[in-house]
Structures are given as structure tokens and as C-alpha cells.
Amino acid sequence: MKKFALQDHGLVPAHILLTVEESDEVLQSYGVDSAHLPKIRVSDPVVKEIGGKVGDVVKIIRNSSTSGESVFYRLVID
Amino acid sequence: MTVPKRIGKISFGLISPQEFRRMSVVKIITADTYDDDGFPIEMGLMDPRLGVIDPGLRCRSCGGRPGECPGHFGHIDLIAPVIHVGFAKLIRKILRGICRECSRLMLLDGEKRMYIDQIETLVRLGQTTDDIVNKVFAEARKHKVCPYCSAPQQEIKFERPLAYVEDGHKLTASDIRDRFEKIPDEDVKVMGMNPDTARPEWMLLTVLPVPPVTMRPSITLESGQRSEDDLTHKLVDIIRINQRFQENREAGAPQLIIEDLWELLQYHITTFLDNTVSGVPPARHRSGRPLKTLSQRLKGKEGRFRGSLSGKRVNFSARTVISPDPNLSINEVGVPLEIAMELSVPLVVSPRNIEVMRDFVRRGSDKHPGVNYITRADGRRVKVTERNAEEVAEQLEPGWRIDRQLMDGDIVLFNRQPSLHRMSIMSHRVIVMPHKTFRLNPAVCPPYNADFDGDEMNLHVPQTEEARAEAEILMRVQENILSPRFGGPIIGGIHDYVTGNFLLTHGERRINRLEVMDVLKKLHHIEIPEPAGWDEAGAPYWTGKQIFSLILPKGLNLEFKASFCKNCDSCKRDGCDDDAYVAIRDGEIICGTIDAAAVGAFKGKITDRVIKEYGPTVGAGFIDGMTQMAIRGIMLAGFSFGIDDEDIPKEAGDQIEDVLNAARENVRKLIDAYKAGELEPLPGRTLDETLEMRIMQTLGKARDNTGSIAGRYLGIDNSGVVMAVSGARGSMLNLTQMAACVGQQSVRGERIRRGYEGRTLPHFRRGDLGAEAHGFVHSSYKEGLNPTEFFFHAIGGREGLVDTAIRTSQSGYLQRRLINALQDLEVQYDGTVKETRGIIVQFSYGEDGVDASKRDYASPENVHRIVQRVLRKEGA
């Protein structure tokens, strides 16, 4: 069976793995701990695809009916 | 924000007899409460160690005074075990699942291990284990012979309310308890219980906890007689029977008597726990009233959870019927004098206001606005009466607090249930009025969803400066004109307000000087403009549009289509034949009619524009002015609607008859074509469906045609048409049904087909497909319906009623679940949405960080407006 990238699918929003510096910056800008972010599992297919590890922060850019594009951050958990 | 203590986990279990004894401060052995001198009897039901309720005494267990001491449990040692009703079903399941000889769960070791694994997984995931546990019991029950000791098993029958019969013998609670005691801990785990916190034998009570007296206070009646709480009564019964049981058993009474007493004890304990068990006659008070026992205290709407914790009665509130008063501002509420004299606002006396405060106090509590109570600096409260008013007024010092009666200008919260959105509670300014109803401007009915057919509303008086500030800044009616739901005005003209504006501004209505004065007499700061012209007699006249323009802010520019705009292919704009194109330049109506689309609730375009450009204060002023003007406008024109307003001339009736006959003929032709097999099916439809659709179409068109004939003859002068066209109330369809033809009745969007075999009513032939046989009503409401039509109409009408009934209950439940899930979310100052633990739910409120009520939709129209405004500025 042919392998394909989940992210190429039109309905899967863009998931971007943040570096430690980037995620620190995000947390600082919102003034929260990483525990206060929404969560995503390491076992999530997209997280597997982009190689996220527990403790990483994933940036998700979704299409939104109100703002066109909306940015979410999720903490990778077990 | 830090939470002082965080709950990590809650676990539920059963209390063991040892635990009951450990938490008990006294063993209760006598059923008596007080001795002849009125002192509680030791080891009785009112033992002083159980807590205190009488003022002045101290608790013998903790030393606390009444109010401080939470009360302490005692216990009763039961002579024989008794079944706990709440667990009757579970006891049955366990009895059937375990061996009657060796008490082991009748499953093979491998199965047990598998189920334990599954249960542990579910527990780890935080999910319910009910399904697995039920399966365990169902599997265990299948064994007819114990797999461990090979003992043959008997069917155990459960007889309501509380008997377990095995092989014709009733199992006593002791038997059951003995069996349960022998169940190994490992097997308890398979049954989904934790043997450390819940052993099955604990479901049979051997010790009964006696609730503290604070939970069942006795009340002293006026006669000095003590009246005990229902729980105390029940406990007395339990102790008495327990004692008799013991005496009889020790005396070696016959088995029959022992059994009877045991059953009686079971009955009393059952009703002590729950007095509504089916099959058990409820225990009654001497007066015949059923006792309110433990589970009745917790259950239901008035129970502890829904009645005392989720919601409770509050002070400083009032409730009465509402009625309309168009002379009030939308920001005001009329409060009956009697209510105003009962409610109060606390005010602190300071050197700067002491004289004013003295005036209030001097008036006493019988003269409005007076003072009901004063609180001295040391916290002592004194009731102000006519007698001591003067004296107290003189004593008044800075630092004291007075509870001043509610008076004009005070800010209060006003609420109508169901409180479905935030506009269901808004703050108003008080206007004290005579009579007994709350009065409000009908323009604020839409957000409350109120009408005046007997609705009642609640009023609350904020008691602190902070609460008043918050009420005034955030909750004022004028701050809530724009709904956060769709960003448009939810407050505006309804019914006669819309009609009034329509009558005033439609066409070139000429208004003479006297009438102008009349229309404007309730408005303030109005300058009468130059007359629009002079009539033949040389008297000046003004137009309705001119008059309405007086309440529009200067500089307002707006163009839109009125609600009765016909949406012509090419809009003639200000040349509109129906006067349906509204143009406002610099606060002057150039053309067009003011109707629901301009000032109505939920749509008012002018209201919307005024608030967004001039702010809520000007907006509220506009609505107030509009309502005043509309009321005068409708009175000037005169407006009524009656049965003869639906009269149509004979020729109109003939035309309608022709249209209906033609439709009937067309339907007949369709049916003939169908029967002859000449009907062409529509794509994707069967022949039957096609016929139905074509018939519905034909009849629908016929009804519309009769409507337009009637509409033509009724004309714009007709009151019904005015209301329908302006958007005040009703629609042209309603008028059509009254004057011309009611039309097709339907169930689930189809013609009526149910009834007898092959026909709807016995008046028709079997298989009749015609219009009359399937619910087409030719008559109008005015003419009256014939019997078959009436019946079909009732069918269609019933469907509507059922739909609304179901919809309201379903949407109410849906709303409750949604609110319960969302109520703790909060929009932070940085725009993020967080829940109470600080976990982010949205990184920007609504993903775009916009408050819908504060946003002006970025439509091309608005860009156009901005360009126009800039150009005008440059020109000036």
C-alpha cells in the first residue's frame, strides 16, 4: 500500500513542531506553564509523522470561519 | 490564582460497622428524648453529646456553641442485620452470582483474572465499569453447580420489596450476611468493588448511625410543646422495635413473633432511609402526612442538591406581575410603592451626607422614602419605627449605616426566567409608582421574552458599591441593546411601536401645527423645523418624515431597504413607488418609511447604526424618543383591527372561487394523467411522489394566488395589511388565511394521508387522491371551515403544538448541558479563554478575539460609508 503524508490531506490542519526556544517564547507570551496548554497525544498520527516527543509543543494552524486562520498550541503528552 | 487545596480524587465506598462505631460519640439505647424537666436524656435520641441546638448551651463533645458545633453522630446497635434498601438490587445480583455453600463467585479462575484486568484498565482510563460488572454477574449466574465445591445451586427469586426466596424458603438478612462474609477479597474485586472500602456484607446493616441533632432539630411550639423532626420520630420507632426484639429473643419467644419483629425493624429502617420505596407503605405522621426521611431530603427539585445548594432563596428581592408603561425609558422599571418600602439600599453615614441621611431617618419606616433599619458603628441593628425615628435621627453619627428604602434612581437588577442568555438579567433605574405591578417599557420585552399575559418577574437590589457599579456599567439595558449573539439590536419597537412609526412616516402624511405639538409633547429638547409647506388655507403643515427626523442624531447617514421592499430587479432607490427605500442624510429622512427593518427589535437598522456611531446613551435616547413618538403617531392616526377588516368585495370572492376551481380542475387532470400512466416522473422521484409534489405545488400556488387577490382588494389602508407590511405583527399569509383560503394542511410536510384504510375520513371514497380528501381547506377562517376541513385543520394544528412542546423541552435540556459545560470558562484580559484551572481553551476568544456586539461588520457598505464621510469632511 502506498504511504502518504497525513498533512497533505486538505482537512488536516498544518502541524508544526516547535523548537524549545520557540515553545518557551510562546509560553512566555501567554504567561502560562506548558501544563496549561491544550494537549495532544504522542500517539496522534500527525504527531508521529512530525516526530513529536512528550513535552514538545506543536503549533497548529487551522482554518477558522471567524478569523480565516487561527493558531493553536498543543502540548504533546503520553 | 492559587487554589488553597486541590481535590485530587474522590472515592466512594460503603461504611463498615466498625467505622460507624468509630465515628459515633454515643450509643443510643433509649427511645426517650427529654425528661419531665425538659432536659435531654443521656443515651437518648437528644443526648447532649450529639450536638447542640438550644441557644446558651455548649456541645458535650466539642464544646462549641449552637452554630459552631456541626453535630456528632451516635449509633444504634441492631439486634439483627437488616437490608439497606438502596442496595437491594445489588444484593440480589451478588446472591445469584455466588455459591450458596462456599460463597465463591462462580467463575473460573481464568475468567476472573480476565475481568479484573478489564476493570483495572477501565478504572485507569477513568471510565465506568458498570458494563463489565454486569457481565460478570450474568456469567456467574449461569452456573447451576459451583465450579469450586460442586454444590448444586438454587434459583433465587427476588420478591418485592425486600425478600429473597431460595427454594421456597425466605433468606433472612443474617443468612445473606453470613454468605457475603465468606466471599474472598479476590472475588469482591471481580465484582467491581474495592474490598478495602466496600465489603458486600456491609450492605446489610448491623449498626445504624444516628444523625446529629443539628440535622433534625426539634421545634418548640407556641404552646411550649416540643415538636420533633420526622427523622427523630423514625429513630424512636427503630429503637422501640429494636428493644422489643431483644427482649423477646432473650425471653425465648416463638420463631413467628421473632420473625414479625424482625420484619418490622426492617420496615422502619427501610422507611428511615427512603420513604418512597415501591411496595413499602410509606411511614406516616399522626396527621396522615408521609414522613420526610433521608432520601426525601436529598432527592428532587426541593431536595438538598437542587433546592438548597444549586439554588436558594435570597434577600433584597421582589417578584410580581409585570405590565407595560410606554412612558418609561427603556432603562427604567416601575416599582410598586409597597415593594419599594420593603426593599432597602445600605448607605454609610459620612460627615458630608449626615444631614440628608437624618432626613431619611426622620421619615421613619412608614413614609417613603424612609429608613427600615440603622446599624450602629458597633454593629448593633435598630429597627426604625415611627416612635423612635426622631430620636435615632438625632443620634446618627458618621460610620453608621442606614437601610434606606428603595427610591427613584436606585439601580436594581431585573430578571425573567428562564434566564437563557445574559440579557435575561439587566439592570434598570427604579421609578417608584402606585399599584401593584412592575412596569416596563414594551421595547425591552424581546430580550426578556416577556409579555403581559400574567408574566411575573424578579427584582434584586445590589447591596454593595461594587455590585452597583458593576450593574450600572455592565448590565444597564442600554449596554445590552446590541446582542452578543449576532451583533444587532435585540431591543426595539414591537407591535404598535412599529405600526405607529409606519403610519407616521409612510408617504407624504401632512401634520398640522396642533398635531405636531401633540406628537412631540413627550419629547425633550426638540426644535420644530421649518414647515414643509402651507395648505390652501395658508396653515403650515409638516410631514411625518420631518417629525421623525427630529429624534435622529445630526450627521447620521444611512440608506437601506424597508422590510416590505419587494426586491425589484432594478432598485429605483429614492424613486421607489412603495416608499420602501429609506435614505437618511445628516439626520434627515429624505425618503422611505420607518418600519420594523428600521427600528424593530432584532433587526432595527437605524438603532444599530446610531449605537455604533454615537454610543449606547444616544441609542437608548433614540429608542425612548422613537417609542414616545410612535405611541403618539398611532393615536393620531387611529388604529383598530376587527372581523370586518377581513371583508373582501364580492368580485374578489368570485375571483378567489375561480382560482380554486381552476386548481381543483388541475389536480383532477393530474390525477387522471397519473391513472392513465401519462404522468412524467420528476428526476429521482417515483411516480407517486411526483404526483404528490405536483398536487402540493398546484394547491400551494392556488393559495398564494388567492392571497394576492385578497391583498389587492384589502390595500395598504387596511389595518391588517399595515401590520403585516410594517412588520409589526402577522404576515400576509395570516391575512390570506383569514380572508381568502386557508390552504393545504400538512403532517410532516406531506398531505394528510393517515386515518382509515385507503381514505382519510369516511366521507371520501377509498383511493380518492383529490384535494379535498387529503386536507386542502378551500374556505377562509372568516367564512368558516366545513366539518372535514375542520378535522384536517385540527390534525395540522396538533402537529404544530406537539412540535413546539417537544422542541422547547429538548432545546432546554440541550442548553442546560451546554451551559453546565461552559459556565466556568472565562475570557481573560489577554483575550485567551481559560477554564478555572488556568488551562487554555481558546488562544483568542472566538478564534478572532472579537466581541460580536462591538464589531461593525466589514461589509462593502461600511467601506462606502467611510469613504463618503471622509469626502464630506474634505468638502467642508
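**Exercise 1.** Work out which elements of chain B each supply at least two residues of the lining of the second largest pocket.

*Solution.* Start with the helices in this predicted model: α1 (17-23), α2 (88-97), α3 (109-124), α4 (130-141), α8 (255-273) and α9 (294-298) each give at least two lining residues. Then add β5 (204-210), which meets the mark too. Next, look at the lining as a whole: 46 residues, with F12(B), G13(B), L14(B), F87(B) and A198(B) lying nearest the centre. Last, the volume of this second largest pocket comes to about 1,600 Å³.

**Exercise 2.** Find the helix behind the largest share of the nonpolar surface patch on chain B, and decide whether I819(B) is buried, partly exposed or exposed.

*Solution.* First list the patch: L818(B), I819(B), L822(B), L825(B) and V841(B), together offering about 400 Å² of accessible area. Now turn to helix α26 (residues 787-822), which brings three residues, the largest share. I819(B) sits in that helix. Its relative accessibility is 43%, so I819(B) counts as partly exposed, since that class runs between 20% and 50%.

**Exercise 3.** Check the span of helix α23 (residues 687-714) of chain B against what's expected, then see what follows the helix.

*Solution.* Count 28 residues, for which 1.5 Å a residue predicts 40 Å. From first C-alpha to last, α23 reaches 40 Å, close to that expectation. Right after α23(B) comes G715(B), with a positive phi near 75°.

**Exercise 4.** Sketch the layout of chain A.

*Solution.* Tally two helices and four strands. Put them in sequence order: β-α-β-α-β-β. The C-alpha trace spans about 45 × 30 × 20 Å along its principal axes, and 27% of the 78 residues count as buried.

Terms used. Residues numbered from 1 in each chain as written. Chains lettered and ligands numbered in written order. Predicted model: local features only at pLDDT ≥ 70, side-chain atom pairs only at ≥ 80, totals over all residues. Heavy atoms only, no water. Buried < 20%, exposed > 50% of the residue type's maximum accessible area, 1.4 Å probe, protein only. Expected span 1.5 Å × (residues − 1). 1 Å grid on protein atoms, 1.4 Å probe; cavity = no way out; pocket = protein on both sides within 12 Å on 5 of 7 lines; lining within 4 Å. Points joined across faces, edges and corners; volume = space filled by probe spheres on them.
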